Each structure stands twice: as structure tokens, then as C-alpha cells.
Amino acid sequence: MVAQQSAGRYAQHDGAAPTWYEASARTNPTWPALDGDKRADVCLIGGGYTGLSCALHLAERGFRTVLLEARRIGNGASGRNGGQLGSGHRRDQPTLERELGAERARLLWSLAEEAKALVRALIARHGIDCDLKPGIAIAAHRPRYAHALAREAEHLRARYGYDALDVLDRTALRAEVASEDFCGGLMDRGAGHLHPLDFARGLARAAADAGVDIREGAPVTGLATGTPSRVSAGPHTVTADAVVLACNGYLDALDPGFGRRVMPINNFILATAPLGEARARALIPNDVAVVDTRFVVNYFRLSRDGRLLFGGGETASTRLPADPGPLVRRCMLRIFPQLADIGIDHAWGGTLAITRSRMPSIGRLEGGLYYGQGYSGHGVALATLGGGLIAEAVSGTLERFDVFARLPQPPFPGGKLLRWPTLALALAYGALRDRL
């Protein structure tokens with residue numbers, strides 16, 4: 001690790017606006033570029049939660065690991081997301097039971113619970129200062145969703161013994177969120193929220209302390225799998241027995257053939273000007289994170305310096321707008337019209353990846369190539385777990401890894417040219433349905 005370096009408030013980041021997370025991060029370590037050829041047991045491509053967690057777990061098992069990040073650690077979704085440590089998966093348990101059977105659904109629930117526990121354990125074990133706090137309120141924007149959430153809470157309690165969900169009527173939800181937009185919901189006391197970039201950088205520090213060779217500014221330009229595999233980054237090569245692709249929405253030309261099953265989409269967040277303690281706590285009195293039930297979901301929470309961090313809006317595009325602030329502000333004012341007088345200090349976008357099934361895409365291909373991606377909005381917990389499961393698989397233990405690797409992953413319709421407009425139409429339809 002070399003000396004710390006601060007990022008300017010208006011510094012551009014991958015063509016997008018800078019984030020409040022960058023401005024407020026407790027640490028800002030930098031790592032050297034790849035300056036020569038390397039030999040490793042495992043080469044990891046991507047410096048987000050999947051790659052960092054996998055590298056850390058591999059190093060603790062004694063593997064020689066090199067991690068290559070094209071830009072900065074946490075550059076992608078891992079350092080730019082809403083910071084919610086949610087329960088379960090994007091698909092609810094009754095749906096998974098119908099599609100996969102009760103036994104496989106139970107395994108997936110157990111692994112999702114382990115994912116939250118793993119994040120908390122890593123934070124505690126490595127002293128990662130990332131503002132971890134308890135609680136996520138799930139806010140229903142229509143009565144039918146409030147009823148569905150109540151049924152889901154009862155199902156999870158009865159079938160899985162998960163008793164951390166409290167059903168909230170309109171009045172109880174209003175005591176958690178100062179908005180007339182919602183008619184009820186749930187409080188998930190087993191979930192939580194954190195500063196995502198501080199968590200990513202903390203994982204990087206822990207991985208480096210365990211012996212991982214981290215390289216930033218090392219975009220991979222070529223990948224030849226085999227025995228061994230060769231990863232090219234500019235003029236230099238990393239030769240390794242196994243390679244882990246942990247690029248999520250940034251696969252680009254590295255796609256080894258599964259790109260039709262993973263779709264990058266853009267999501268947007270803003271940070272208001274500081275509200276002051278009284279006004280901030282009036283919005284969210286118990287400092288929980290909130291997510292609503294819309295198809296194009298809104299999610300928000302308070303920052304440690306009394307701002308509202310609000311996420312809303314999605315686009316199916318390979319480009320990020322220079323200023324997503326007006327788009328997200330409209331979403332925010334629909335829920336909090338009382339903030340019309342508050343300025344916006346930061347607004348940014350980020351690229352995540354979804355799958356058609358909305359379940360993680362974790363697996364392996366011939367030639368010692370492993371991958372983890374497509375966490376569909378549940379990446380804080382599931383990407384961290386996914387990295388650990390890939391490390392288990394590289395080590396020869398496949399049982400838990402295969403729970404995800406055997407999930408069906410249908411391709412997006414439309415082929416290479418038409419899948420983007422098809423997804424754009426789906427997002428437009430979902431946004432229309434949210435208003436009905």
C-alpha cells in the first residue's frame with residue numbers, strides 16, 4: 001500500500017459524478033499498479049465485494065493470490081450502492097419453494113442468513129469502521145403489498161423460524177418514516193445498513209494483511225484459460241492455476257459466454273445537504289434504512305452527518321448521465337415533499353448487474369475459471385458470501401457453492417442487439433405499474 005490520497009469533491013469517476021461515500025470515507029488507501037509479470041495460485045479480476053471476499057478467504061487458506069482492479073477498489077457497485085444489508089433474496093421464499101422445491105429453498109434461505117452473519121463477522125474481526133447499524137423498514141406503497149408483506153412475515157416465522165419481522169400498519173410505519181406515501185409494511189430487525197465504500201476498503205485492508213497482492217489501475221485486456229491460465233493487464237501477465245471473474249456489471253469484453261444471462265443496469269443515489277439533527281431524526285426517527293415495494297424501487301437512509309441518502313430511478317444503458325440529481329430528486333420529493341427546500345450536495349450513478357431469475361449467478365467454467373455476479377440489488381450480503389463460496393470451491397469443497405451454481409439462469413430475450421431495448425421496455429412497464 002502506498003500513501004493515502006484524497007479525492008476532490010468534483011473529481012470525475014468512471015464518467016459519473018463523485019459520490020458522498022468517496023467524500024466521507026474514513027480511509028482512502030491506494031494500491032500500486034501492476035508493474036511486472038506475476039505467478040499466483042489464483043488471479044482475481046475485480047475489486048468489489050466478491051473479489052475482495054474471495055481473495056481474503058483464499059489467502060487465509062494459504063493460496064497465493066493476485067487481485068486486479070481496473071480503477072480503484074470499490075469503484076463499481078460495491079462502493080456506490082445503498083448500503084443495505086438485507087435478508088433473503090430478491091425472490092421471496094414462497095416463490096423459491098414453488099420453483100425449486102422446499103429443500104433447495106431452505107438451503108438458499110440459510111445461506112442468505114449466513115451472508116448477513118458473514119458481513120457482521122468480517123466487520124468485527126477486522127475492525128472495519130463502516131457505520132454498521134441495525135434495521136430495515138420495508139414500506140408498502142399500496143395496500144395489496146402491505147397484505148403480501150404480512151403474509152410473507154408469517155410464512156418466514158412459521159416455516160423458517162425467522163422472528164425478526166414486525167408487521168407495521170400505516171400508523172406504525174408512519175412512526176418510522178415521515179411520509180404519507182406508505183400504507184404499512186415490515187420492520188426487519190435482522191437486517192441492517194452500512195457505509196459500502198468503507199466496508200469495501202476494509203475488506204481490501206484485511207485481504208492485504210492476509211497476503212493478497214492488490215493492484216489498482218490494472219484493467220485486464222486479455223484472458224486465456226487453461227493449465228495454467230494467463231491474465232493480461234497491459235504489457236504484464238499474471239499466470240495462475242485458477243481465475244475468478246468478479247466484474248459484475250463491468251464484464252465488457254471479458255465475457256466468456258454467459259453475458260446473455262447477466263444484464264448491467266444503472267441505478268442512482270443522491271445525498272442532500274445536511275438536514276440538522278432535529279430535521280433528520282424527524283424523517284427517520286430510529287435511524288433505520290428504508291426500501292419500498294415499487295418495481296423501480298426507492299431506498300433511503302440517513303448518513304452519519306445528518307443527510308438523507310436517497311436512491312431511486314433506473315436506466316438500461318451502457319452510459320451514466322453526468323447529473324442524475326434531477327431524476328432522483330423527483331423520486332425523493334414524491335415521498336418527502338417537505339424536503340423541497342433542501343439542496344442536493346452529491347448525486348451519482350452506478351452500474352449493477354441483474355439476472356433474469358433475480359438470483360445470483362455463481363459458477364465455474366472449464367479451464368479453472370470461476371465467476372460471481374448478478375446479485376440483483378442484494379450484493380452487500382450475497383456478494384460477500386459469494387466470494388467466500390468461490391474460495392471454498394477453489395479449495396475443493398463444492399457442496400455449498402453448488403447450491404448457487406445449479407440454479408437455473410435463463411438468458412435475457414432479444415439476443416445481443418435487442419436485449420437492451422427489451423429491458424428498457426420492462427423498466428418502463430414496471431414504472432407504469434408502480435403508479436397504478
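Helices (H or I, at least four residues) and strands (E, at least two) are DSSP runs, numbered from the N terminus. This is a predicted model, in which local features need pLDDT of at least 70 and side-chain atom pairs count only at pLDDT 80 or more, while totals for chains, interfaces and linings use all residues. Residues are numbered from 1 along each chain as its sequence is written, and side-chain values use heavy atoms, with hydrogens and water left out. On these terms the chain has 12 helices and 17 strands. Its radius of gyration, taken over C-alpha atoms, is 21 Å, close to the 22 Å that the globule rule (2.2 Å times the number of residues to the power 0.38) gives for 436 residues, so the chain is as compact as a globular protein of that length.

**Overall architecture**

- Along the principal axes, the C-alpha atoms of the chain fill a box of roughly 60 × 50 × 45 Å.
- Of the 436 residues in the chain, 58% are buried, where buried means under 20% relative accessible area, exposed over 50% and partly exposed in between, with a 1.4 Å probe and protein chains only.
- Contact means heavy atoms within 4.5 Å; among contacts between residues at least 6 apart in sequence, 75% join residues at least 24 apart.

**Helix α2**

- Helix α2 covers residues 49-60, and its 12 residues should span 16 Å at 1.5 Å a residue (the expected span being 1.5 Å times one less than the number of residues), which agrees with the 16 Å between its end C-alpha atoms.
- Because 11 of its 12 residues are buried, α2 is largely enclosed by the rest of the structure; the buried residues include Y49, L52, L56 and H57.
- After α2 comes G62, whose phi is positive, near 95 degrees.

**Helix α7 and residue A207**

- The 14 residues of α7 should span 20 Å at 1.5 Å a residue, and its end C-alpha atoms are indeed 20 Å apart.
- In α7, 11 of the 14 residues are buried, so this helix is largely enclosed by the rest of the structure; among them are the charged-type residues D198 and R201, together with F199 and A207.
- The buried residues of α7 pack against α1 (20-24), α2, α4 (102-126), β7 (213-215), β13 (299-302) and α10 (379-394).
- A207 lies in helix α7, which runs over residues 196-209, and is buried, with a relative accessible area of 1%.
- Leaving aside its neighbours within four places in sequence, A207 is in contact with L52, L56 and V212.
- The C-alpha atom of A207 is separated by 27 Å from that of E366, a residue 159 places away along the chain.
- α7 is followed by G211, which has a positive phi near 115 degrees.

**Backbone features in loops**

- The peptide bond from T227 to P228 is cis, with omega near 0 degrees, and P228 is found in the loop between β8 (222-224) and β9 (229-233).
- D131, a residue other than glycine, has a positive phi near 60 degrees; D131 is found in the loop between α4 and β4 (133-139) and counts as buried at 17% relative accessibility.
- N248 is not a glycine either, yet has a positive phi of about 50 degrees; N248 is found in the loop between β10 (236-245) and β11 (262-272) and is buried, with a relative accessible area of 16%.
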